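Colleague: Got a minute to walk me through this one before I head back to the bench?

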Amino acid sequence: MYRVAIVGRPNVGKSSLFNRIIGKRKAIVEDIPGVTRDRIVSTADWRGVTFEIVDTGGYIESDRDTFAPYIRKQIEKEIELSDAFILVVDGREGLTPADKEIARLLHRTDKPVYVAVNKIDNPDMEKSIYEFYELGFDKVFPVSSIQKYGVADLLDAVVQDIPEYEKKASEEKSKPEEKSEIIKVAIVGKPNAGKSSLLNAILGEERAVVSDIPGTTRDVIDTLFEWKGQKFLFLDTAGLRKKSKVDYGIEFFSVGRTLDAIKKADVIVHVIDAQQGATEQDTKIAHLIQKYTKPAVVVINKIDTVPPKSEVLNRIKNQVRERLYFIPYAPIVMTSAKNKKGIKQLLKEIIDVYNQSWKRVGTGQLNRAIKQVLSLRQPPSYHGKPLKIYYATQLEGKPPCFLLFVNYPEGFKDHFLKFLENNLRTVLGFEKAPIKLLLRGKENRQD
Ligand code: GDP
Ligand code: GDP
């Protein structure tokens with residue numbers, strides 16, 4: 001998609017303009033290797049054209065009024081990535097050396113640059129835009145992000161320069177997707193299990209705390225991340241970013257929030273503290289995962305805090321397995337967010353689990369598998385008659401769901417269903433995904 005980046009020195013109003021442009025749309029945090037600051041990204045629509053808009057301004061308080069070398073790096077990177085730039089300057093402060101420095105970087109490219117002279121809160125102030133022509137760009141606009149003034153003219157100019165084929169592509173893009181190539185992941189677990197640390201370890205960097213920047217109202221928390229060509233969207237429904245801890249003073253365990261995360265995600269990462277093992281709260285969380293038949297990876301974190309002996313690690317693992325026996329399909333990964341251990345394994349498992357949850361098997365294979373499983377154990381009887389499965393078929397969608405045509409649906413008790421489910425998972429290659437069995441009785445019970 002055509003990408004427009006908002007650049008400028010700290011405190012000129014980049015975020016305010018960004019928020020003004022995206023309106024109520026949701027923004028996400030984008031993770032780009034080699035870039036140390038958050039990129040906040042959203043789509044924008046103007047006069048029927050959709051494009052991507054990026055706020056490059058995740059700068060912290062101490063950066064204000066300075067042009068730190070890393071800001072230069074950020075902008076250089078953005079020049080590679082984007083198709084056009086909105087250079088925001090402060091109409092009240094006037095032209096500064098830092099503005100000139102950024103303009104110089106932007107002159108290295110032929111891509112369009114629009115100068116937004118911000119904080120022009122009333123028409124009397126418009127004359128202060130003229131000095132900014134010195135930056136060497138023709139398109140200079142007075143705007144006030146706060147008064148919503150001038151933003152329409154600015155966007156008209158931006159959209160006018162978007163090539164026709166890009167506009168077409170953006171129309172295509174806005175159509176609903178069938179199967180998402182992005183895995184939505186929720187990291188859940190008790191407070192202090194290490195969820196945020198784990199996310200940071202995955203992203204490979206300590207991330208800027210967006211909410212600490214005064215004057216910003218970024219409601220942005222989901223994080224897009226790519227590893228080995230696979231995209232992940234880490235949902236923040238569970239309050240992962242430190243933001244929530246600041247807001248509430250102390251983080252609390254909220255079933256509602258965890259449930260919300262579990263419902264929205266494709267894969268759940270359930271984090272457990274190695275020192276404590278699986279607790280009462282962990283059982284509750286896992287029950288929710290089971291209830292919504294969600295693919296999951298169980299993470300035993302902080303393994304650096306326990307003796308690195310295999311009997312110790314096995315004991316912890318067994319305790320977790322036993323306590324969470326009802327989600328046997330979830331692979332267990334041991335990590336240390338602190339030492340960045342086990343992170344690749346975790347990502348690999350998330351991908352595996354996700355792929356299995358989309359897997360489909362043919363009817364022939366499924367019915368052979370059922371025969372095989374039934375040969376392992378004599379089915380129980382119901383009212384003196386043996387239970388029978390005549391035929392099975394996989395339904396559309398995920399999680400994998402199998403419809404079994406049987407003689408007495410009410411005769412299939414939990415333990416036998418669990419036996420069927422667990423063995424079918426193994427035989428059919430769904431070791432890491434939950435499956436669902438639905439039973440349907442036959443009208444005509446001759447046998
Ligand atoms: P950033 O660091 O470039 O992202 O800047 P922010 O968007 O955080 O804005 C910096 C400060 O400028 C905040 O206190 C905003 O309220 C203020 N600001 C932003 N836009 C305007 C505007 O149009 N007029 C006025 N008067 N203040 C603004
Ligand atoms: P959250 O509440 O689940 O998001 O937990 P945090 O990520 O905030 O971590 C809680 C505490 O555990 C912090 O003091 C972290 O530094 C610490 N912590 C997190 N992961 C690890 C780990 O792998 N090893 C050790 N030793 N400490 C960790």
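What follows is a short back-and-forth about this predicted model.

Colleague: Let's begin with the overall picture. How many helices and strands are there in the chain?

Modeller: The chain has 447 residues, and buried ones make up 53% of them. Among contacts between residues at least 6 apart in sequence, 73% join residues at least 24 apart. As for the elements, the count is 13 helices and 18 strands.

Colleague: And how far can I trust it? What is the mean pLDDT of the chain?

Modeller: Keep in mind that this is a prediction. Of the residues, 82% reach a pLDDT of 70 or more. Averaged over the chain, the pLDDT is 83.

Colleague: Over which residues is the pLDDT below 50, with 37 contacts beyond near neighbours in sequence?

Modeller: Where pLDDT is low, the predicted coordinates should not be read in detail. One stretch below 50 is residues 241-251, with 24 contacts beyond near neighbours in sequence. The stretch with 37 such contacts, also below 50, is residues 206-220.

Colleague: On to the ligands. Which helix gives the most to the shell around ligand 1?

Modeller: Altogether 16 residues surround ligand 1, and the closest are N11, K14, S15, S16 and D121. By class, that shell has three nonpolar, eight polar and five charged residues. The top contributor, giving three residues, is the helix covering residues 14-22, α1.

Colleague: How much of the accessible area of ligand 1 does the protein cover?

Modeller: Start with the oxygen atoms of ligand 1: one is 3.0 Å from a polar backbone atom of G13, and one is 3.2 Å from an N or O atom in the side chain of S144. There's also a backbone N or O atom of S145 at 2.9 Å from a ligand 1 oxygen. On its own, ligand 1 has 580 Å² of accessible area, and the share covered by the protein is 83%.

Colleague: Same tour for the other one, please. Which helix gives the most to the shell around ligand 2?

Modeller: Here 18 residues surround the ligand, with N192, K195, S196, S197 and D304 the closest. The shell breaks down into three nonpolar, seven polar and eight charged residues. With three residues in that shell, the helix spanning 195-203 gives the most, and that is α6.

Colleague: How much of the accessible area of ligand 2 does the protein cover?

Modeller: An oxygen atom of ligand 2 is 2.9 Å from a polar backbone atom of G194, and a polar side-chain atom of S196 lies 2.6 Å from a ligand oxygen. A nitrogen atom of ligand 2 is 2.7 Å from an N or O atom in the side chain of D304. Out of the 580 Å² of accessible area that ligand 2 has on its own, the protein covers 76%.

Colleague: Back to α1. Which of its residues are buried?

Modeller: This helix is mostly covered, with seven of its nine residues buried. The cover includes β1, β3, β4, β5, β6 and α4. Just after the helix, G23 takes a positive phi of about 65°. The buried residues in α1 are K14, S15, L17, F18, N19, I21 and I22.

Colleague: R9 caught my eye. Is R9 buried or exposed?

Modeller: R9 sits in the loop between β1 and α1. Its side chain makes a polar contact of 3.2 Å with that of T96 and one of 3.0 Å with that of D99. The cut-off for buried is under 20% relative accessible area. R9 has 4% relative accessibility, so R9 counts as buried.

Colleague: And N11, is it buried, partly exposed or exposed?

Modeller: N11 is found in the loop between β1 and α1. Its phi is near 80°, a positive value in a residue other than glycine. Most residues other than glycine have a negative phi. The relative accessible area of N11 is 34%, so this residue is partly exposed.

Colleague: Last one: is K148 buried or exposed?

Modeller: K148 is found in the loop between β7 and α4. K148 has a positive phi as well, near 60°. The cut-off for exposed is over 50%. K148 has a relative accessible area of 59%, so K148 is exposed.

Technical notes. Residues are numbered from 1 along each chain as its sequence is written. Chains are lettered from A and ligands numbered from 1 in the order in which they are written. Side-chain values use heavy atoms; hydrogens and water are left out. Helices (H or I, at least four residues) and strands (E, at least two) are DSSP runs, numbered from the N terminus. Buried means under 20% relative accessible area, exposed over 50%, partly exposed in between (1.4 Å probe, protein chains only). Contact means heavy atoms within 4.5 Å. A residue is near a molecule or strand if one of its heavy atoms lies within 4 Å of it. A polar contact is a pair of N or O atoms within 3.5 Å; within protein, one must be able to donate a hydrogen and the other to accept it, and residues adjacent in sequence count only if both atoms are side-chain atoms. Accessible areas come from the Shrake-Rupley method with a 1.4 Å probe; for residues, only the protein chains shown count as cover. Ala, Val, Leu, Ile, Met, Phe, Trp, Tyr, Cys and Pro count as nonpolar, Asp, Glu, Lys and Arg as charged, and the others, Gly among them, as polar. pLDDT is the predictor's confidence in each residue, from 0 to 100.
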